[in-house]
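User: Please take a close look at the contact between the two chains. I would also like to see some of the side-chain pairs inside each chain.

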There are 2 protein chains.
Amino acid sequence: MSFFPASLENLIDKFASLPGIGRKSAQRLAFHVLSLPEAEAYSFADAITDARRNVHTCRVCQNLTEGELCSICASDRRDHSTICVVSEPRDVLSIERGREYNGTYHVLHGVLSPMSHVGPDDIRIKELLHRVAEEDVSEVIMATNPDTEGEATAMYLSRLLKPFQIRVTRLAYGIPVGSNLEFADDATLNRAIEGRTEM
Amino acid sequence: MSFFPASLENLIDKFASLPGIGRKSAQRLAFHVLSLPEAEAYSFADAITDARRNVHTCRVCQNLTEGELCSICASDRRDHSTICVVSEPRDVLSIERGREYNGTYHVLHGVLSPMSHVGPDDIRIKELLHRVAEEDVSEVIMATNPDTEGEATAMYLSRLLKPFQIRVTRLAYGIPVGSNLEFADDATLNRAIEGRTEM
């Protein structure tokens, strides 16, 4: 049953194909776009085309960029001997927000996941090995998510990196700053005790 | 702090300007669009442009259409002497879903709302009066939402329609079919008692 004009139905379909957007939300978004002034609607369309055309991955770290190198890889104020391995571009943003880390990144664009048929060749692993082999790298920090797939990916990579005889580290596990012991789960508390430090 | 390339930031901004989409969701949607095959991303952009260009309001009932008349106004199997007044195009879909109503519609594209500075000239009221004056209309059914603004709009319109000496009706209030009296609110129950019918 389609009561809407074809091009409106088509737009609703496109919105509904986005992750986390159901049919009702897609309708609401499509109606909103139709209600925009013509120039604004067209500039939305242009934003999609431009982003898809101009944004690609950095030749070195695989993060998203419009140039050949991303701003971090191109900067001489960053420590290029340390590489922080993350699974997604948004994770770079999270770590940069802390303003503490001064090394470079490597974005895998995914994690190993046999269930979803994602193997070592589907994520940017060989680019990482190439960097470690060619550049003067002293440490690789694994910053994949602390879930099953993130852990397995970190473990897999650390084995691949063993022959290079560099430091391979993992983000610390423990209780979040400002949280409450009462609400910490058992696994986190156990890890926090295992990883306790001298005061 | 913008760590993403400019055209990606721009796309995130566009998504974030949509109703109900926050900054985090906008990021997720933008990343998804970047991960699409090039042709799919471009066809998303085209869907926006096409919909905005081709969809306009029906000359008669103001519903969205790609032709001069919408399919309902153009049909000779509908009863053109009855007009059901709704506030949004999606309300037409809701009523059509019931497959019971066989008249035509009039889409106001909004409701009167002094708080949001929406007055009688901002919604399609004069088009409705024009129809009632020119066409052979015997009944106008008010099907705006049963909230304060929908009620006020229905009341306002019914007064404007009085001089035409046609039947002006309102959707029945009452308990929803299949619901439970225990969970009905007082206002609804009172309306259901007032509007009781002979068995």
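Analyst: What follows describes the interface first and then selected sites within the chains. The model is predicted, and every value below is computed from it.

The contact takes 50 residues from chain A and 50 residues from chain B. Between them the two chains bury about 4,700 Å², and 72% of that area lies on carbon and sulfur atoms. On the side of chain B, the residues that lose the most area to chain A are B:F3, B:I48 and B:R52, which together account for 15% of what that side buries.

As for charged and polar pairs, the number of salt bridges between chain B and chain A is zero. Polar contacts do occur across the interface: ten residue pairs are found, both residues being at pLDDT 80 or more. Several elements of chain B each supply at least two residues to the side that touches chain A, namely helix 1 (6-16), helix 2 (23-35), helix 3 (38-54), strand 2 (64-65) and helix 5 (89-97). Helix 3 of chain B gives the most, with 14 residues. Sorted by class, the side of chain B that touches chain A has 28 nonpolar, ten polar and twelve charged residues. Charged residues are thus present on that side of chain B, while the salt-bridge count between the chains is zero.

The arrangement of the copies can be stated in terms of a rotation. Chain B is superposed on chain A by a rotation of 180 degrees with 0.0 Å of shift along the axis, at an RMSD of 0.1 Å. The two copies are therefore related as by a two-fold rotation axis. Among the residues of chain B, B:A45 comes closest to this axis, its C-alpha lying at 2.1 Å. The interface residues of chain B are 100% shared with the interface residues of chain A, so the copies meet through the same surface.

Next come the salt bridges within the chains. Over all chains the count is 16 salt bridges. Side chains of opposite charge can pair when their charged atoms come close.

In chain A, A:R167 forms a salt bridge with A:E139, with 3.4 Å between the closest N and O atoms. This pair links distant parts of the chain, since A:R167 belongs to strand 6 and A:E139 to strand 5 (residues 139-142), 28 residues apart. The two partners differ in accessibility: A:R167 is exposed, with a relative accessible area of 55%, and A:E139 is buried, at 15%. A:E139 also has a polar contact, its side chain meeting the side chain of A:T169 at 2.9 Å. A:T169 is in strand 6 (residues 167-170) of chain A. Apart from neighbours within four places in sequence, A:T169 is in contact with A:E139, A:V140, A:I141 and A:M142.

In chain B, B:R170 and B:E151 meet through their side chains in a salt bridge, at 2.6 Å from N to O. This pair too links distant parts of its chain: B:R170 is in strand 6 (residues 167-170) and B:E151 in helix 7 (residues 148-161), 19 residues apart. B:R170 counts as partly exposed, at 25% relative accessibility, and B:E151 is also partly exposed, at 22%.

Back in chain A, A:E135 forms a salt bridge with A:R131, with 3.6 Å between the closest N and O atoms. Of these two, A:E135 is partly exposed, with a relative accessible area of 30%, whereas A:R131 is buried, at 4%. A network of salt bridges links A:E9, A:D13 and A:R23.

Two further sites in chain A complete the view. A:I95 is in helix 5 (residues 89-97) and counts as partly exposed, at 24% relative accessibility. Not counting residues up to four places away in sequence, A:I95 touches A:C84, A:V86, A:Y101, A:Y105 and A:A143. A:A143 is 48 residues away from A:I95 in sequence, and 9.3 Å separate their C-alpha atoms.

A:N63 is found in the loop between strand 1 (56-57) and strand 2 (64-65) of chain A. A:N63 is buried, with a relative accessible area of 8%, the limit for buried being under 20%. Leaving out residues up to four places away in sequence, A:N63 touches A:H56, A:T57, A:C58, A:P89, A:V92 and A:V107.

Notes:
Residues numbered from 1 in each chain as written. Chains lettered and ligands numbered in written order. Predicted model: local features only at pLDDT ≥ 70, side-chain atom pairs only at ≥ 80, totals over all residues. Heavy atoms only, no water. Contact = heavy atoms within 4.5 Å. Buried area = accessible area lost by both parts, 1.4 Å probe. Salt bridge = Lys/Arg side-chain N within 4 Å of Asp/Glu carboxyl O. Polar contact = N/O pair within 3.5 Å; in protein donor to acceptor, adjacent residues only side chain to side chain. Helix = DSSP H or I, 4+ residues; strand = E, 2+ residues; numbered from the N terminus. Nonpolar A, V, L, I, M, F, W, Y, C, P; charged D, E, K, R; others polar. Least-squares fit on C-alpha atoms with pLDDT ≥ 70 in both. Buried < 20%, exposed > 50% of the residue type's maximum accessible area, 1.4 Å probe, protein only.
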